[in-house]
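Q: Please take a close look at a single part of this structure, and go through it step by step for a first-year student. Afterwards, please place that part in the setting of the rest of the chain.

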Amino acid sequence: GNSSILLSTLGYTSNLYDNVTQFFEEDADTLNTGTLHPHENRRNVESKVELASRLYSKVNKKITNDSGVRVSLLNVESFSFDVDAPMSPFTENYSVIGNTNSINLYSQFKFMLTPNLDINAGVTSTKFGLVDEFTFEPRFGLKWQYSSFAYLGLAYGRHAKYEELKTYFYANPETSLRNELRLSKADHYVASLGFNLTKNLSLTIEGYYQSLFDVPTIEGTSFSFANYTRLWEVDGPINNNGSGTNIGIDLTLEHVMSKGFYFLLTGSVFNSKYTDAHQVERNTLFNRNWISSLAIGKEFVVKGKNLLGFNANATYMGGGRLTPFFEEESIISREVQYDENRLYELQANPEFWLNAGITYKINKPKSTRTWGLDFQNAWLTSQKTGYQYNFREDRIDKDEVFFFLPNFYYKIEF
């Protein structure tokens with residue numbers, strides 16, 4: 001018969017980014033004494049209080065509905081200071097304190113037309129307080145189990161999102177007022193095929209195409225929020241003239257846990273492009289073009305009830321995107337000067353990453369005790385992220401990120 005379940009939650013989240021760097025001026029090349037000078041001081045704090053209510057209803061045996069509302073109160077405190085040249089005083093890029101709200105409404109129906117055919121259809125709408133827009137985001141999905149071991153899936157959905165809150169408080173340098181922006185949007189198209197090869201082994205092939213539009217860009221530059229990581233300085237008006245495309249194919253071969261053994265093998269080939277304010281198409285920062293990974297594990301029974309487990313996660317992928325720089329200008333200014341007309345044109349070498357671990361679970365009548373040892377980046381891989389200026393040698397060096405994190409832990413579960 002008809003039935004409904006109402007779930008409501010109230011939550012608070014906060015994200016903090018704080019970075020202070022200084023330039024060390026040596027007294028002499030042979031001494032370890034010197035003077036610290038300001039270099040960067042950047043801080044961004046975003047907090048959210050959210051009330052969410054969801055109503056799940058069973059209309060009849062073949063139709064269900066999932067509807068809900070999310071109301072968020074948002075706050076941001078952010079500033080950025082840096083120096084124009086080494087040992088010069090701080091210059092303020094911006095300073096922001098602001099708040100706003102967001103309301104998201106959604107409703108989705110699931111129709112079980114036949115025992116082998118399901119259709120999902122719904123709509124989502126968002127009102128973000130800092131833009132003059134109420135979005136309309138339709139969603140549709142179909143799954144057809146056309147044989148006992150295979151299915152076909154088709155899906156479409158429009159998705160809208162807002163950027164980091166400080167983005168909407170930046171002043172337009174031409175008007176000294178806030179930029180008039182809309183939310184970024186993307187149309188997602190997905191087609192998938194799934195095969196149950198054996199009782200424990202399945203294969204999924206998924207192709208997708210994403211069309212991005214209303215993407216914020218900075219006028220007169222090659223910068224697009226499609227590449228957004230963190231933005232600390234804006235020297236032009238921001239508008240919604242950007243766009244982009246993502247297209248790719250994903251393959252997943254999964255062996256679920258059976259007799260203590262599992263693995264998940266994935267491979268992706270993709271191309272990610274964006275169009276900037278000049279209407280020039282470029283690689284996005286994330287366009288590695290391909291990625292493959294293998295997660296694998298095996299558990300052994302010890303003393304009849306305890307479990308000794310070994311697991312590993314290996315990833316091999318195309319290199320990250322890099323931007324060429326002007327060497328002569330960089331040496332003169334003692335700061336890397338990138339060629340923004342060739343943004344993300346280069347690509348670093350492929351990367352191999354490996355995480356591995358071992359666990360020992362002791363099963364008691366009322367608890368499970370686990371000893372574990374994990375190694376993050378067990379292959380000792382370095383990731384090239386760009387370039388940095390070497391003040392001691394007056395040259396440009398590679399900027400690489402390296403970490404190795406062993407983690408020994410013990411936990412009790414009741």
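A: In this predicted model, β10 and β11 form a hairpin, with two residues between the strands. Lys259 belongs to this turn and has a positive phi of about 55°. That sign deserves attention, because most residues other than glycine have a negative phi.

The pairing of the two strands can be followed away from the turn. Strand β10 covers residues 238-258, and it pairs with β11 in the antiparallel sense over 14 bridges. One position shows how the partners are matched: Gly244 has Tyr274 of β11 as its bridge partner.

Strand β11 also has other partners. With strand β13, residues 290-302, β11 pairs in the antiparallel sense over nine bridges. Within this pairing, Ser268 is placed opposite Ile291 of β13. With strand β12, residues 281-283, β11 again pairs in the antiparallel sense, here over three bridges. Thr275 stands opposite Glu281 in β12. A hairpin joins these two strands as well: β11 and β12 have five residues between them, and Gln279 in that turn has a positive phi of about 65°.

How far can this part of the model be trusted? The predictor's confidence helps here. Strand β11, residues 261-275, has the highest mean pLDDT among the elements of the protein, at 98, while β19 has the lowest, at 90. For the protein as a whole the mean pLDDT is 93, and 99% of the residues reach 70 or more.

Positive phi values are found elsewhere too. Asn377, in the loop between β18 and β19, has a phi near 60°, although this residue is not a glycine. Asn377 counts as buried, because its relative accessibility is 0%, and buried means under 20%. Leu380 lies in the loop between β18 and β19 too, and its phi is also positive, about 60°.

The residue that begins β10 leads to the interior. Apart from neighbours within four places in sequence, Ile238 is in contact with Thr167, Tyr170, Asn179, Leu181, Pro216, Thr217, Ile218 and Phe225. Ile238 is also one of the residues with the most contacts inside the largest nonpolar core, together with Phe128, Tyr168, Phe225 and Leu231. This core has 22 residues. The elements that give two or more residues to it are β3 (63-83), β4 (90-114) and β9 (201-218). Of these, β9 supplies the largest share of the core, three residues. There is also a second, separate core of six residues, including Val336, Ala348, Tyr389 and Ile396. Such grouping follows a general tendency: in soluble globular proteins, nonpolar side chains tend to be buried together.

Aromatic rings offer a further view of the structure, which holds 24 aromatic pairs. One of them joins Tyr338 and Tyr387 in a tilted arrangement, with 6.5 Å centre to centre and 45° between the planes. Tyr338 lies in the loop between α1 (327-333) and β16 (346-347), and Tyr387 in strand β19 (residues 382-390), so this pair ties together parts that are 49 residues apart in sequence. Tyr338 is partly exposed, with a relative accessible area of 35%. Tyr387, at 15% relative accessibility, counts as buried.

Phe375 and Phe404 form another pair, this one stacked, at 6.1 Å centre to centre and 15° between the planes. Phe375 is in strand β18 (residues 368-376), whereas Phe404 is in the loop between β20 (395-402) and β21 (405-413), so the parts tied together here are 29 residues apart in sequence. Both rings belong to partly exposed residues: the relative accessible area is 29% for Phe375 and 38% for Phe404.

Ring pairs also link several residues into a cluster, namely Trp290, Tyr316, Phe352 and Trp379. Charged groups meet rings as well. Lys166 lies over the face of Trp232, 3.9 Å from the ring centre. Similarly, the charged end of Arg178 sits over the ring of Phe169, at 5.6 Å from its centre.

To return to the starting point, β11 takes part in antiparallel pairing with β10, with β13 and with β12.

Conventions. Residues are numbered from 1 along each chain as its sequence is written. This is a predicted model: local features need pLDDT of at least 70, side-chain atom pairs count only at pLDDT 80 or more; totals for chains, interfaces and linings use all residues. Side-chain values use heavy atoms; hydrogens and water are left out. Rings of Phe, Tyr and Trp (its six-membered ring) pair if their centres lie within 6.5 Å; planes under 30 degrees apart count as stacked, over 60 as edge-to-face and the rest as tilted. Helices (H or I, at least four residues) and strands (E, at least two) are DSSP runs, numbered from the N terminus. Buried means under 20% relative accessible area, exposed over 50%, partly exposed in between (1.4 Å probe, protein chains only). A charge sits over a ring if NZ of Lys or CZ of Arg is within 6 Å of the ring centre and within 35 degrees of the ring normal. pLDDT is the predictor's confidence in each residue, from 0 to 100. A nonpolar core is a set of buried Ala, Val, Leu, Ile, Met, Phe, Trp, Tyr and Cys residues joined through side-chain atoms within 4.5 Å. Contact means heavy atoms within 4.5 Å. Two strands pair if DSSP finds at least two bridges between them.
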